[in-house]
Structure formats: structure tokens, C-alpha cells
Amino acid sequence: MANEYKRHEVLHMTSFLINAVATELLEHDAVIEIPEWRELAEKAHQALFDLYQAIGKVHLSGDKEVDDA
């Protein structure tokens with residue numbers, strides 16, 4: 001079970017990683033120049049965004065604990 005603090009911690013880290021992928025990968029010349037790399041970086045960014053949204057939905061619901069599913 002993830003308590004509120006742990007959810008906040010992972011929400012924060014996910015936000016950090018979203019920003020890192022956006023600025024350090026998606027804006028990097030080598031990634032921009034190679035379509036396969038760009039596609040993979042975009043998938044990584046989208047996956048992290050989806051994770052952030054899923055965590056945020058639970059975190060902001062006010063639930064104190066969530067069962068592992």
C-alpha cells in the first residue's frame with residue numbers, strides 16, 4: 001500500500017523525470033535528427049506523463065491508502 005507521503009514522493013519524481021526527458025532528450029540535437037530516437041523519447045515522455053496522471057488522480061482524491069492491484 002502506498003501512503004500519502006510515498007505517493008507525493010513518486011509524483012514529484014515523475015514530474016522531475018518528465019521535465020528531464022523533455023529538456024535533455026526531446027530537445028537534444030541528436031534525438032531530433034534521428035526519427036527512431038525521437039519516437040522512443042516521445043514514448044518515454046508520454047509514459048511518464050500517463051504515470052503522473054494516474055498517481056495524481058489517486059493522490060488528489062484524498063484517499064489515505066490505496067490497495068495494490
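Begin with the whole chain of this predicted model: among its contacts with a separation of 6 or more, 71% join residues 24 or more positions apart. Keep the full chain selected and colour by secondary structure. Three helices and two strands appear, and from the N terminus on they follow the order β-α-α-α-β.

Next, display the accessible surface. The chain exposes about 5300 Å², of which carbon and sulfur atoms supply 59%. Of its 69 residues, 17% count as buried.

Now select residues 35-60, which form helix 3. How far apart are the end C-alpha atoms of helix 3? They are separated by 37 Å. This agrees with expectation, because 26 residues at 1.5 Å a residue should span 38 Å.

Within helix 3, highlight Ala41, Leu48, Ile55, Gly56 and His59, the buried residues of this element. Then add helix 1 (4-26) and helix 2 (29-33) to the selection: the buried residues of helix 3 pack against both. When viewing down a helix axis, recall that an α-helix has 3.6 residues a turn, so residues three or four places apart point the same way.

Finally, centre on Gln53, another residue of helix 3. Is Gln53 buried, exposed or partly exposed? Gln53 is partly exposed, because its relative accessible area of 40% falls between the limits of 20% for buried and 50% for exposed. To close the tour, select Leu11 as well and draw a C-alpha to C-alpha distance: Gln53 and Leu11 lie 8.9 Å apart in space, although 42 residues separate them in sequence.

Methods
Residues are numbered from 1 along each chain as its sequence is written. This is a predicted model: local features need pLDDT of at least 70, side-chain atom pairs count only at pLDDT 80 or more; totals for chains, interfaces and linings use all residues. Side-chain values use heavy atoms; hydrogens and water are left out. Helices (H or I, at least four residues) and strands (E, at least two) are DSSP runs, numbered from the N terminus. The expected span of a helix is 1.5 Å times one less than its number of residues. Buried means under 20% relative accessible area, exposed over 50%, partly exposed in between (1.4 Å probe, protein chains only). Contact means heavy atoms within 4.5 Å. Accessible areas come from the Shrake-Rupley method with a 1.4 Å probe; for residues, only the protein chains shown count as cover.
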